[in-house]
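Me: Could you take me through one part of this model closely, the place where a helix meets a sheet, and then set that part in its surroundings?

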There are 2 protein chains.
Amino acid sequence: MLSVSYLQEYLTGLFVNIGCSFADAQVVTQSILEAELRGLDAYGVVYVERYYELIRAKRINLKPEMRVLYQTPSTATLEADAALGPLAAKRGMEIAIEKATTAGTGWVAVRGSNHFGVAAYYSMLAIEKDMVGVAMTNSEPLVAAINGTTRMLGTNPVSVAFPAQKHPHLVFDFSTVPFSQGKLEKLPHPLPNSIVQDAMGQPANNAATLKRGGAMLPLGGDVAHGGHKGFCVGALVDIFSALFSGANFGPFVPPPFAYLPILTNPVGKGVGHFFGALRIDAFRPAAEFRAAVDEWIDTFRNAPGREGTPGIRIPGAAEHLLRTQRLKQGLELSSDALRSINKVAKALHYSAITQ
Amino acid sequence: MLSVSYLQEYLTGLFVNIGCSFADAQVVTQSILEAELRGLDAYGVVYVERYYELIRAKRINLKPEMRVLYQTPSTATLEADAALGPLAAKRGMEIAIEKATTAGTGWVAVRGSNHFGVAAYYSMLAIEKDMVGVAMTNSEPLVAAINGTTRMLGTNPVSVAFPAQKHPHLVFDFSTVPFSQGKLEKLPHPLPNSIVQDAMGQPANNAATLKRGGAMLPLGGDVAHGGHKGFCVGALVDIFSALFSGANFGPFVPPPFAYLPILTNPVGKGVGHFFGALRIDAFRPAAEFRAAVDEWIDTFRNAPGREGTPGIRIPGAAEHLLRTQRLKQGLELSSDALRSINKVAKALHYSAITQ
C-alpha cells in the first residue's frame, strides 16, 4: 500500500525530473492519481511511462505556449501546442469556469492536446465553484461505425458532474462503448454477440479480435441493441471535441503510444477536448438545484430493485466510495505499474518506488 | 397523398378551431409535419388528437403566460405555464439563439411544458443562424434503470444539428433507448435479449410485456451490451431537462395522454426541456467549421462498409432524403391517423380531411 500523499510527492518529483515545471508536474500527477482513486487503472499510473515516451518522441511539448485563438463572453478555443493532456484540459476547464462566472456558462474547445486521463478530474473542478461541469475528449480509433469494417471512433469518454447537497456529488463518467479495452479482456469469454467485430466487420465473441484488426462496437453493440444510437453518442463526443476546436477527428486522432506511428495526413491538430461549466444559480437558486439533485438521487436509489441484485446504482457512487476508502488506506499498485514507473525512474536516475 | 402545404393549412385551421391563435396553430402544425416529413410518425399527426384531449382536460393551457424566471448573458429559465409543447420549445430555442448572438452560446431550461414532438425541429432552427443547435426533453417513464423493476426514465430524445457546407446539414436525432415503443412492436419477435424486461425486472423478448407492467431497457439494453452507460445517457437528458428548470424528473414526468392520471405528488412543473445554441464563429471561422463538418461526413461515408450492407449511415441522411421526397410528393397518412384527425374535426364541426 502506498499513501496518496507519498505518490503525489514521488510522481511530482518524477515529472519534474522529466522536465515539467513543479506546478505542471503536480497537475499531471493529480490527474493520474484521480484515475487510480476512482478505480480507473487504465488511465492511472500506466500513463507515466506513456507520457514519458511521448515526450521523448517529441509528440508532447513540455514548454507549450497555450493560447486562446478565438473567444466570446461564453466561449473560447484553446490551442494547446502539444501540451501534456492534463495541463491542456485543466487550462480549458479553468477558462470555462472563468467564462461562466460572468456569462452564466462557459464552453471551451481545445485542440493540439494529448490524452487527458480521466474526464471526471476536469468536470469535478466546476463543482467546487457551484457549477455543473462537462468534460469530454476524443481518442484514438478503436470503435467501428455500424456497417463499417474499420476503426472510426475512439472510446470517447464524457463526464458530467452535478453538485448535490446532502449526498456525494452526482458524477457521471463513462466511455461511449460497452466496455473499455482493459475491461473487455477481463470479461468472461465468449463475449455476448456482439460488442466486438472482426476485421471483416463480422460479429466476434473474443477480445483478441482487437489485436487482429477487429474493432469494438459502439455503446449498445449491434443494431439489435441500439448500437446505431450508441454510435450517435460517440460521434457527438468526437464532433464536439474536434470540429469546434480544429483538432483531429475520428480515425485521425493520434494514439497515446509513442511506438505507434502518427498518421501523415492529419485533418487537424492533436487530440481534441470540449469543456463546459454551467453556474447552477444561472438557472435557479443554487440551494434549490442542489436539493433537486439530492431528490433525484434518493428517487433512483430507493426505487425497487430486481431480486438478487444490489438495486439501482447511482452513477459515480461506487467511485466515490472507492475514492474515499483509497484516500484513507492508500493505493495498491500492480507489479506491472511499479515496473513501468521504475523503468522511467531508472532512465532518469531518480529513486525507485517500492510498495 | 396529401400535399404538405394542404396539410399545413388544414391543420392550422383545425388548431385555430381548437382555440389557438393563428401564429400558435402554425407552429404546432409545423412541428407535427416535421415529424411526418422525417418519417417519425409516432410524433406526427397522432398528436393532433392527443393535444386536443389534453387541452380539453385542461392539462394544456392555450393562453399561457410564458415568462423568463432567471437569466444571465448566456442562459435563461423559461416557465412555460402549461403551454403546448411545441410553443414552449420553440420559444426556448429562440431565446437560446438570441443569447448566443451576443454571448457566443445560449442555453435555456424550460419547465411547465408538455410533449414537444420531434427534437430535430428545434435544433434545426439554430442552423439557419449559423449555429449548432441542441434540443432535448424528458418524457413519461417507460424505461427501467439497470437492476430496477419499475419505469424510471422516459425515452428522452436528443437532437444536435451541425451546419454543413456542401452536404445536407448533419442532424443527430435519437431517443436514448434501443427502439421507440412503436418500433419495438413492429420488430420481428422474439426480441433479442434483452431490450425489454417484465414487471419483475426479468429479461423478456416480447414488446407486449410493456402492457403488463414491464419496461424498456436503456440504450444498449442489458449490462452485457453497455446498458449501464446507456442509462447514464438517458439520465443526463432527464437531469438537464428537469433539474436546471424545476420540471418533473424521471418517474414523475406527466404522460401526453389525457386518459392517464397525473401523479398527485409532482416534484416539479410539467415536462422539462433543455436547449442550446452555439455560434460556430464563436469557436473558429464559420466557413472552416462547415468545411470540417463536410470532411467528417465524407470520411465516415467513404469508409469501407461490411459486405452485404449499404455501408456507414450518416446520422440524419436518410431523414433528409425522406423529407426532400415527401416535400415534393406529399404525405400518405395512415387510415388510423385520418380517423383520429377527423374525430377532432367532427367534434369541432370543422371540415373532414380525406386522402
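Reply: In this predicted model, helix α7 of chain A, made of residues 227-242, lies across the strands β7 and β8 of chain B, and the helix runs at about 135 degrees to β8(B). The two strands beneath this description are themselves partners, since β7 of chain B, which covers residues 158-162, pairs with β8(B) in the antiparallel sense over five bridges. One residue pair lets you find this pairing in the structure: B:Val160 has B:Phe172, in β8(B), as its bridge partner.

Both strands belong to an open sheet of seven strands in chain B, whose order is β1-β2-β3-β12-β4-β7-β8 and whose pairing is mixed. At the edges of that sheet are β1 (67-72) and β8 (170-174) of chain B, each of which pairs on one side only, and from one strand to the next the twist averages 10 degrees.

Chain B also has a helix of its own on the sheet, namely α4 (residues 85-103), which touches β2 (75-79), β3 (105-113), β4 (131-137) and β12 (271-279) of chain B; the direction of this helix makes about 160 degrees with that of β3(B).

Turning to the two chains as a whole, 70 residues of chain B are in contact with 70 residues of chain A. On the side of chain B that touches chain A, the elements giving two or more residues include β7 and β8, together with α7 (227-242) and α8 (286-301) of chain B. Sorted by class, that side of chain B has 42 nonpolar, 23 polar and five charged residues.

Methods. Residues are numbered from 1 along each chain as its sequence is written. Chains are lettered from A and ligands numbered from 1 in the order in which they are written. This is a predicted model: local features need pLDDT of at least 70, side-chain atom pairs count only at pLDDT 80 or more; totals for chains, interfaces and linings use all residues. Two strands pair if DSSP finds at least two bridges between them. Helices (H or I, at least four residues) and strands (E, at least two) are DSSP runs, numbered from the N terminus. Axes are lines fitted to C-alpha atoms, for helices over the stretch in contact, and angles run from 0 to 180 degrees between N-to-C directions. Two residues are in contact if their C-beta atoms, placed from the backbone, lie within 7 Å. Ala, Val, Leu, Ile, Met, Phe, Trp, Tyr, Cys and Pro count as nonpolar, Asp, Glu, Lys and Arg as charged, and the others, Gly among them, as polar.
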